[in-house]
Structure formats: C-alpha cells, structure tokens
Amino acid sequence: MPKEKNLKLKKKTFQAPKGTFDILPSDQVWREKICKIANEVAKGYGFGKIETPIIEDTELFVRGTGADTDIVEKQMYTFKTKGGDSLSLRPEFTPGVIRAFLENGLSSLPQPVKLYSVGPLFRYERPQAGRYRQFNQINFETIGSQSSATDVQIIQMFFVIFKEIGLKGINLQINSIGCKDCRPAYRKVLTNYYRNKTDRICVDCRRRLKENPLRLLDCKEEKCVILRNSAPHIIDHLCESCHNHFKSVLEFLDELEIPYMLNSYLVRGLDYYTKTVFEFWPEDESVRQAALGGGGRYDYLVKLLGGRDTPAVGGGCGLERIINQLNAQNAKINLPASPRVFLIQLGDLAKKKGLKLFEQLRKENIYITESFSKDSIKTQLRLADKAGAKVALILGQQEVLEKTIIIRDMAIGVQETIKQDNLVKELKKRFSKK
Ligand code: HAM
C-alpha cells in the first residue's frame, strides 16, 4: 500500500453478491412479526430454540444431506481453512441440529427433544424470484419419537403460523417414501419400469436411475413428467409398518381438519427421509414460484451421524417465500405506531440536558423521538409534525435553568410550561385520556 500512496484509488462501488440482498429497516416489519409468531408457537408447543454455527464440517452435509443430492453436489459453499479443514456454509439446518443434539448430550434428555431454529442458510442456486443464495428458514425438529402424532404436530405448527400471520390458500402435499425394509423392493419395481425407457428420460435422470431412482419422480423435465405419470406408486409398495404409520398420519390430519393432497411423486431432494414427507404449496397458480416449506421423517439420520437409533421428524419454511406470498396476497400489516413525543432542544445546554431527558422518558416506556442533529425550532417543529407526534417538548436554555419544559399540543398548537419533575406524570395523564 505505501508505494501507491500517491496514486489516486480508482473509485469503485460495491453490490451485494448475486442472489443475496440487504434487509433494510423498512423490510423488518413482516420479518419481525413472522419470527415473533413462530417463536410464540414454538414455545407453546414445547420447542427450545437452538442456534448452531453457520459453518460446519463439510463431511456433516455429505453424510447427512447426502453426497448425491443437488444440495451437496451443486449448491454448497465449501472452502478450505488455513488449517486445511474443509468447511461449508450450512445449506440446511437438520444435520447441524442433529450434530449439536449429539455433541451436547441432548440425546440423554427425556425424548422427544424438540428444537427450533431461525436463521440464514446458503445455497449456490440460479437466483430468481423466491430462490436466493442466502435465505432464512424457520425450522422445527422433533428428535426421539416415532409416533405419527409428532409428524402431524410439525405440520400443524406451520399451519398455525400461516393462520396467525394471515397467510391464506396454502396446500399440504404429502406422501410416504417407506423405510429400509420396503424401499429397496420399490426401487426395483421403479427401476424395472424405467429400464427400457431410458431413451425417453433426460440425461440427469439416466444418472439418477443408477444412483437414486426415486429422484426420477421429482424431475421437472416435460418428457420425464409424462413418463412418471404412469410409474408405479410407492404407497402401493409400503411395508405394513410404514402403511400403518402413514394411515395414522392421515387420520390425525383429518382429525385436525387440515386438508391434504396425496402426491405419490413427492420424494424430496434430501437423502435422509423415511416414511412421511410433505411440502406446503401456494394454491394460487399465478403466484406460485416454489414450495413454501417442506420436511418429513428421518429415522436413520441420528445413527448415521454417530448416535443411537433415534427416529425423528422435522420441517422448514423459507421466510422470504412466506413474505413474497404475503405480498402477493396483499396481506395487511399494522405499521409501527408513530412516536407520541418529539423532543425539541434549543442551544448547547438544552442539548446536553435533552440527551438525559430522552433516556428518562424512554425508560418510562414513553414512545419518544428527537432530532439532536438539528438546531432551529422551525425545522424541529416541522419534523415533529412529520413524525406524527402528539406532543412536542421544547427545552431551551431558560427552561434548563428553571428546571421546566414547554409542552406543545401538536394538533392545536397550545403550549404550557410545566416543571420537569411533573413531566412523566403529565405525559401519562395526557396519553391515558386518548
Ligand atoms: P428444503 O425443502 O430444502 O428442506 O427447504 C425448506 C424450505 O426452505 C423450502 O421449501 C423453501 O421455502 C426454503 N428454501 C430452500 N431453498 C431456498 C432458496 N434458495 N431461496 C429461498 N428459500 C429457499 C430443508 O431444508 C429441510 N432441512 C427441512 C427439514 C427439517 N426436514 C426435516 N427437518
């Protein structure tokens, strides 16, 4: 750098990396509301909040999410540290939450252990509406229960959240993809179905046929969709235990009056799922971009990551996709109320006293704002008006010395001078009347 001291630095402006975005103060209204509701629902249903690191050992996702999944194969941000370790930005919560569950001895707590997370995830995707490289999820995991009631509870919680934030028209699609006892037989049936049709499927599906034939059901290529429509259905090939589990899930949903659509092609793009899988989709085709959320049961993941045999189920919803959907539905949100009090200060002494007074009123839960960067009374009165304040407090040198303050009713312009000691009482009296 020193050598270039005299060189003029080339002016450069920066932009947020492709597929990422800034969340500005004006964007916070919905986010805060959704997170607050999710937080309350999670608490109400007995979920404890867990925060895991954004970076994890790459191997955790290779093993957990699955080496052959799109997420691990194509979408992970992976890097070598100076120490030579391979770390990845988390593309999903589930493997990290299970790692934390095992590492911190949560597996010895009474089961099931219910964990909830909110935060950013990273996937290297082709950016488009509702598909970002950094996005946020609300995620629930119930670890240590094989009861179908726990599958349904996760689904129920998302519907409660949708309802409480005022999101309408969300469809539940559901399927069962069996277990290690019944899935291999279905895979054979499916592979046989596709065997002499490989010239009618896409290149990716030809590869998938060898590695994970269930993923063929998920392909969006037109020719693959056409062929898929006559493919054998997995629910006709479930073992007795998976069949009964799924039947019971559907009965619980009926009991809760949560409508669902059976989708025998729903397989989900992550390797760990067993039995129940589900997704939430907007019903309005014109605004649908992608699933709002999804999840399912994953009875082998805990063991795969080094724990005991522990059945589990969970689900995640994209925060940005929920907000996009709310906007598409023109959902209304109460904007934050205007400040009730605007503090006007005139002169250095008043500014000094004003800083202290501001904090005293804030501590009394009086919604107050100020403009310490301005000096003229005219400007400050205009700002008070713009802010929608009911009352302006005017503090000049004389008021500081006499320990008084002027209260101005902004609607009618009437002013009176009162003792500073009586200010809180007077403000509370005025606001309790309205
Ligand atoms: P997922 O289906 O990969 O599942 O993601 C869940 C949700 O995250 C999606 O439905 C979508 O709303 C949001 N999402 C995913 N990718 C993006 C993206 N690029 N941009 C914006 N939003 C996105 C999982 O992640 C599983 N871990 C869920 C789970 C928890 N299963 C069991 N437990």
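Where is the place of Glu 257? In this predicted model, Glu 257 sits in the loop between helix H9 (240-255) and strand E8 (260-262). This briefing begins with the ligand site, continues with two helices and several individual residues, and ends with backbone geometry.

**Ligand site**

- The shell around the ligand comprises 27 residues, of which Glu 92, Glu 125, Tyr 132, Tyr 273 and Leu 292 come nearest.
- By residue class, the shell around the ligand consists of 8 nonpolar, 12 polar and 7 charged residues.
- At least two shell residues are supplied by each of strand E6 (134-143), strand E10 (293-297) and strand E11 (312-318).
- The side chain of Tyr 272 places an N or O atom 3.1 Å from a nitrogen atom of the ligand.
- Backbone N or O atoms also approach the ligand: one of Gly 293 is 3.2 Å from a ligand oxygen atom, and one of Gly 318 is 3.0 Å from a ligand oxygen atom.
- The ligand taken alone exposes 660 Å², and the protein buries 96% of that area.

**Helix H2 and Thr 65**

- Helix H2 spans residues 58-66, and its buried residues are Thr 58, Leu 60, Phe 61, Gly 64, Thr 65 and Gly 66.
- Viewed down the axis of H2, these buried residues fall within an arc of 150°, so they line one face of the helix.
- The cover over the buried residues of H2 includes three strands, E2 (55-57), E3 (78-80) and E4 (86-89), together with helices H3 (70-74), H4 (94-103) and H10 (301-304).
- The N-terminal end of H2 is capped by Asp 57, which has a side-chain oxygen 3.0 Å from the backbone nitrogen of Glu 59.
- Thr 65, a residue of helix H2, has a relative accessibility of 0% and therefore counts as buried.
- A polar contact of 2.7 Å links the side chain of Thr 65 to the side chain of Glu 92; Glu 92 is also among the residues that come nearest to the ligand.
- Beyond four places in sequence, Thr 65 touches Leu 60, Ile 71, Val 72, Glu 92, Pro 95, Leu 270, Asp 271 and Tyr 272.
- Tyr 272, one of these contacts of Thr 65, is the residue whose side chain has an N or O atom 3.1 Å from a ligand nitrogen.

**Helix H7**

- Within helix H7 (residues 203-211), Cys 205, Arg 208 and Leu 209 are buried.
- These three residues cover an arc of only 110° around the axis, which puts them on the same side of H7.
- Val 203 and Lys 210 are exposed on the other side of H7.
- Helix H6 (183-195) and helix H8 (222-228) are included in what covers the buried residues of H7.

**Asp 375 and Glu 426**

- Asp 375 occupies the loop between strand E13 (368-370) and helix H13 (377-387), where its relative accessible area of 52% makes it exposed.
- The side chains of Asp 375 and Lys 351 are joined by a polar contact of 2.8 Å.
- With neighbours within four places in sequence left aside, Asp 375 contacts Gln 345, Leu 346, Lys 351 and Gln 380.
- Asp 375 and Ala 331 are 44 residues apart along the chain, and their C-alpha atoms are separated by 41 Å.
- Glu 426 belongs to helix H15 (residues 423-433) and, at 15% relative accessibility, counts as buried.
- Outside a range of four places in sequence, Glu 426 touches Ile 407, Glu 416 and Ile 418.

**Backbone geometry**

- Most residues other than glycine have a negative phi, and most peptide bonds are trans.
- Glu 257 is not a glycine, yet has a positive phi of about 60°; with a relative accessibility of 69%, Glu 257 counts as exposed.
- Arg 268, also not a glycine, has a positive phi of about 70°.
- Arg 268 lies in the loop between E8 and strand E9 (274-282) and is buried, with a relative accessible area of 13%.
- The peptide bond from Gln 111 to Pro 112 is cis, with omega near 0°.
- Pro 112 is located in the loop between H4 and strand E5 (113-122).

Notes:
Residues numbered from 1 in each chain as written. Predicted model: local features only at pLDDT ≥ 70, side-chain atom pairs only at ≥ 80, totals over all residues. Heavy atoms only, no water. Near = heavy atom within 4 Å. Polar contact = N/O pair within 3.5 Å; in protein donor to acceptor, adjacent residues only side chain to side chain. Areas by Shrake-Rupley, 256 points an atom, 1.4 Å probe, with all protein chains shown as cover. Helix = DSSP H or I, 4+ residues; strand = E, 2+ residues; numbered from the N terminus. Nonpolar A, V, L, I, M, F, W, Y, C, P; charged D, E, K, R; others polar. Buried < 20%, exposed > 50% of the residue type's maximum accessible area, 1.4 Å probe, protein only. Arc of directions from axis to C-beta. Contact = heavy atoms within 4.5 Å.
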